[in-house]
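Work through the exercises below with the sequence and the model open beside you. Each task is followed by a solution that proceeds step by step.

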Amino acid sequence: MKRDRIWFVPVGGLANRMRAIDSAVALSRQCNSSLHIVWFKDQGLNCRFDQLFAPFELPGVTVSEASGPDYLLYDRPRRKNLFIPRLFQQPIFDRRLYEKKILQCLRQQFDFEEWARGHKVYIASFSYFYKLHNENERFAIFKPQPLLQQEIEARMAQFGPHTIGVHIRRTDHTIAIAQSPTYLFVNRIQEEIDRHADTKFYLATDSEEDKALISARFGDRVLYSPHRANRNSIEGMREALIELYLLSHTNQILGSAQSSYSETAAQIGHIPYERLKK
């Protein structure tokens, strides 16, 4: 019996791609389909999959790094590539769903399983689009690359019995900047210290200014990466993954408005998540 096949392109930054892949794996299992993930490097995530994660140990699931021909065959059709991949994808796939259409489908309670079953399909997404049957399994398929896992464990050794994760999103995220100002985090950190005198904090942020301000205010209670945030380098993206998993090993996370990163960390660790918002 011929197996169905799903071709999947994860889009966006680290947390967005992890969410989307989680959905694609869940859908392929439910449809009893094989799944092939094509991983493209871009400005949002300029790093190979295998430089971040250990290989998936999942039957029927493969991951490939996009090569030259893949940019014509499997990239998302958009203005940047003059929509040329659409011409190649039409005869290759029975059905296709691109990221903007995915959002419309979610609002309409679209039946992805019925749509995919029995067909060779193409999907590109930067978000969840198919719900896992067991919420406790979110992100269980992901394992950091071994050297990164060693670094995570080494830094975790500095955590105390009560360590709170803090994620302050800045740079190009205008909503987080406007709705989650730094003073909200400063106030909540002080509240936690007043409650528990021995509280430590792991601060993950792409703002060197906020890193300096909060560490100066709270001293050695605050742990943070010595590296600058940089999504356009391999080292920067590996550091982002390390910080994601460090946040997931805290007792709870204080996060920024509309940031998938801090929410993903909380879901990985099955810990409470509080979004600080005006």
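**Exercise 1. Establish the strand order of the open sheet that contains β6, and state which strands form its edges.**

Step 1. In this predicted model, tracing the pairing from one side to the other gives the order β8-β7-β6-β9-β10, an open sheet of 5 strands whose pairing is parallel.
Step 2. The edges are the strands that pair on one side only, and these are β8, covering 222-224, and β10, covering 273-276.
Step 3. On average, and with direction ignored, neighbouring strands of this sheet are turned by 25 degrees against each other.

**Exercise 2. Examine the pairing of β6 with β9, and then find how helix α8 is placed relative to the sheet.**

Step 1. Strand β6, which spans residues 163-168, pairs with strand β9, residues 252-256, in the parallel sense and over 3 bridges.
Step 2. Within this pairing, Val-166 has Leu-254 of β9 standing opposite.
Step 3. Helix α8, made of residues 182-195, lies across β6, β7 (200-205), β9 and β10, and its direction makes an angle of about 165 degrees with β9.

**Exercise 3. Decide whether Ser-125 is buried or exposed, and describe its surroundings.**

Step 1. Ser-125 belongs to strand β5, which runs over residues 120-125.
Step 2. The relative accessible area of Ser-125 is 1%, and because the limit for a buried residue is under 20%, Ser-125 is classed as buried.
Step 3. When residues up to four places away in sequence are not counted, Ser-125 touches Phe-8, Val-9, Pro-10 and Val-11, together with Ala-20, Glu-99 and Ile-102.
Step 4. A polar contact can be added to this picture, since the side chain of Ser-125 reaches the backbone oxygen of Ser-127 at 3.0 Å.

**Exercise 4. Assess whether the radius of gyration of the protein chain agrees with that of a compact globule, and characterise the chain as a whole.**

Step 1. A compact globule of 278 residues would have a radius of gyration near 19 Å, and because the protein chain has 20 Å, the two agree.
Step 2. Taken along the principal axes, the C-alpha atoms fill a box of roughly 60 × 40 × 35 Å.
Step 3. The protein chain has 11 helices and 10 strands, and 52% of its 278 residues count as buried.
Step 4. Of the contacts between residues at least 6 apart in sequence, 67% join residues at least 24 apart.
Step 5. The protein chain exposes about 13,700 Å², of which carbon and sulfur atoms supply 51%.

Definitions and conventions:
Residues numbered from 1 in each chain as written. Predicted model: local features only at pLDDT ≥ 70, side-chain atom pairs only at ≥ 80, totals over all residues. Heavy atoms only, no water. Helix = DSSP H or I, 4+ residues; strand = E, 2+ residues; numbered from the N terminus. Buried < 20%, exposed > 50% of the residue type's maximum accessible area, 1.4 Å probe, protein only. Polar contact = N/O pair within 3.5 Å; in protein donor to acceptor, adjacent residues only side chain to side chain. Contact = heavy atoms within 4.5 Å. Pairing = 2+ DSSP bridges. Axes fitted to C-alpha atoms, helices over the stretch in contact; angles between N-to-C directions. Rg over C-alpha atoms; globule rule 2.2 N^0.38 Å. Areas by Shrake-Rupley, 256 points an atom, 1.4 Å probe, with all protein chains shown as cover.
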